[in-house]
Amino acid sequence: MNPRNNKDCRKQQKDNQVEDNRCGRREFLKKAAKVAALGSAAMVTGGAAGWKVSGEEVRLRWEEYLKGYYRLMTQKEKDETVRRLERLAKLKRGVDIQMSNKEPVEGVLFGYAFNVTRCEGFMECVDACVKENNLDRKSHTQYIRIFEMEHGQMLPEQGNGKYYHEVPVPNHYYMGVQCFHCENAPCVKACPTKATWQEPDGIVVVDYDWCIGCRYCMAACPYWGRRFNWNEPYVLNKEMTKKQHYLGNRMRSRGQMEKCTFCIQRSREGKLPACVDACPTGARVFGNLLDPKSEIRFVLKHKKVYRLKEDLGTDPKFWYFID
Amino acid sequence: MKTPIHKIFFFGILSTVMIVFSWQHSYAGQEGVQYKAKNAIAPFDDEKKMDSVPSLPDDSIMVTPKYQGGAFWTLTRKDKVERFKCTQCHNPEKNNTEQTVPTAHGDIILIHGGEEPLSCFTCHKEDERDFLVTEKGLKVDLDHSYQLCTQCHFRQAKDWVGGAHGKRVSYWAGKRVVKNCTACHNPHSPRFKKRWPKTYSLPLK
């Protein structure tokens, strides 16, 4: 409500000037602030089990609610929010999680290669990804999709992404699609709040708490690499991956965008992403593009590689190769 | 007749300059990730850069060939074979156990080699059962079984050494430890079996 347009209010102001019963812009803002404070307090505290929330939880939630943008946080603030989230997970769900905010390693640029000749469509990677990244079990969210393609087909749109039969089928090949972590990422450009960006090690990440859920990035991505939380993600405590990263597999909430992060919580520790680790056929190669001795560099040098929709100029760090 | 100076400028100097700059421009446009990767030739020292380099697993053994980064390792096999040493049974003394062959190796199905199938003694050394043997008759340790596969599958072996075939064990950083051929392929029937996928996908839209 704009107090300037409120004619009644103006009239009142004239009449009540003597009685000191003011009704002006300042008064309106004061009232509005009170109402907003009450409302947001109810919103922040009301989400969890009724009104039975401890004082500590209310305080932590408030601090979480008012925290800043991850990229502008100092290291101290980053450590604080990580500790708060760990404590909140303990209070809200009763699970002990270990969250990190590990920074990228210098001289590392992650690259990924997928062998279309080797993949046989067993979908072990999809399963490992869902478990590692605490993806919503209710809506069956998956970061990776495997398409069953006939020979000659090149685009996943032409393939069958929802097959469920014994694999591999003769005269077909399997093509895995996930976030390609483009160097020139269209999703990053589309985000109105800069909640998504590319880290120096090449991983495109999302600050879940800075995301407003407009899904512009989802529309901008030509590879369908992004997923939206239509509902509060549902993961059982015992199935939850406890080793988490602030920009990676920590629990998202409703209305937030999420995506593959090359398992940032694993890859920054020197481990392989869950999909690479789970692949039974060795079709997935992961490594440091700036390391001349790495496997990914060997693939780029010695194999026939191509990238999906290379003509769009998105410059993805995900190559397909054939034996 | 003398050529006017503006004609010399337009057709001579300007066109040359434009050609030179267009060539430069077309190369400047290649500053992608591929260009970045190609130009990164400085060696990456995992131990210095990474603050927690994984140590070499206890059950790893150095592989004879070298990859582009030097020596690499693979996981051992001998200590995981339940009834090693083989000579416990395969010795000159007579074994009196009933139905020895089906109880000992009844689970082995040999589908390897296509038209000319392999026999047990293509790879296993007949007179020294604790070892494997190459076509040339060289004795090979069970941990180095890749040396046998290399004899026929040399293309795959080349990729395995380089990193385009096979898998690393858990870590992309640190010392390179890869899985042996027999970690993924059953040496007796190496082709992957047809099976149901682990999970399924819902349509996106």
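**Exercise 1. A sheet in chain B**

Find the residue of β2(B) that is the bridge partner of S60(B), then place the two strands in their sheet.

Solution. Step 1: the bridge partner of S60(B) in β2(B) is L75(B). The model is a predicted one, in which local features need pLDDT of at least 70 and side-chain atom pairs count only at pLDDT 80 or more, while totals for chains, interfaces and linings use all residues. Residues are numbered from 1 along each chain as its sequence is written, and chains are lettered from A and ligands numbered from 1 in the order in which they are written.

Step 2: β1(B) and strand β2 (residues 73-75) of chain B pair in the antiparallel sense over three bridges. Strands (E, at least two residues) and helices (H or I, at least four) are DSSP runs, numbered from the N terminus. Two strands pair if DSSP finds at least two bridges between them.

Step 3: three strands of chain B, in the order β1-β2-β5, make an open sheet with mixed pairing. Its edge strands are β1 (60-62) and β5 (177-178) of chain B, each of which pairs on one side only.

**Exercise 2. Strand β12 of chain A**

State which strands pair with β12(A) and in what sense.

Solution. Step 1: strand β2 (residues 110-115) of chain A runs parallel to β12(A), with four bridges between them. In that pairing, Y112(A) has F318(A) as its bridge partner in β12(A).

Step 2: strand β11 (residues 304-306) of chain A is antiparallel to β12(A) and joined to it by three bridges. Here V305(A) stands opposite F321(A) of β12(A).

Step 3: β12(A) itself covers residues 318-322, and four of its five residues are buried. A residue is buried if 20 or more other C-beta atoms lie within 10 Å of its own, exposed if 12 or fewer, and partly exposed in between; C-beta atoms are placed from the backbone.

**Exercise 3. Helix α5 of chain A**

List the buried residues of helix α5 (residues 124-132) of chain A and name elements that cover them.

Solution. Step 1: the buried residues are C125(A), V126(A), A128(A), C129(A), V130(A) and E132(A).

Step 2: their cover includes three strands, β3 (145-150), β4 (172-177) and β10 (284-288), and the helix α9 (274-278), of chain A.

Step 3: just after α5(A), N134(A) has a positive phi of about 55°.

**Exercise 4. Unusual backbone angles**

Which residues other than glycine in loops of chain A have a positive phi, and are they buried or exposed?

Solution. Step 1: most residues other than glycine have a negative phi, and most peptide bonds are trans.

Step 2: K194(A), with a positive phi of about 55°, lies in the loop between α6 (186-190) and β5 (196-198) of chain A. K194(A) counts as exposed because it has 12 C-beta neighbours inside 10 Å.

Step 3: W224(A), with phi near 55°, lies in the loop between α7 and β7 (226-228) of chain A. W224(A) has 16 other C-beta atoms within 10 Å and is therefore partly exposed.

Step 4: for the peptide bonds, the one from V167(A) to P168(A) is cis, with omega near -5°, and P168(A) lies in the loop between β3 and β4 of chain A. In chain B, a cis bond with omega of about 5° joins F84(B) and K85(B); K85(B) lies in the loop between β2 and α4 (100-105).

**Exercise 5. The surroundings of R215(A)**

Where does R215(A) lie, and which residues does it touch?

Solution. Step 1: R215(A) is in the loop between β6 (204-206) and α7 (216-220) of chain A.

Step 2: R215(A) is partly exposed because 14 C-beta neighbours lie inside 10 Å.

Step 3: leaving out residues up to four places away in sequence, R215(A) touches F228(A) and M257(A). Two residues are in contact if their C-beta atoms, placed from the backbone, lie within 7 Å. R215(A) and F228(A) are 13 residues apart in sequence, and their C-alpha atoms are 7.5 Å apart.

**Exercise 6. Where the chains meet**

Describe the side of chain B that touches chain A by its residue classes.

Solution. Step 1: the contact takes 49 residues from chain A and 40 residues from chain B.

Step 2: helix α2 (residues 33-39) of chain B gives the largest share of the chain B side, three residues.

Step 3: by class, that side has 21 nonpolar, twelve polar and seven charged residues. Ala, Val, Leu, Ile, Met, Phe, Trp, Tyr, Cys and Pro count as nonpolar, Asp, Glu, Lys and Arg as charged, and the others, Gly among them, as polar.
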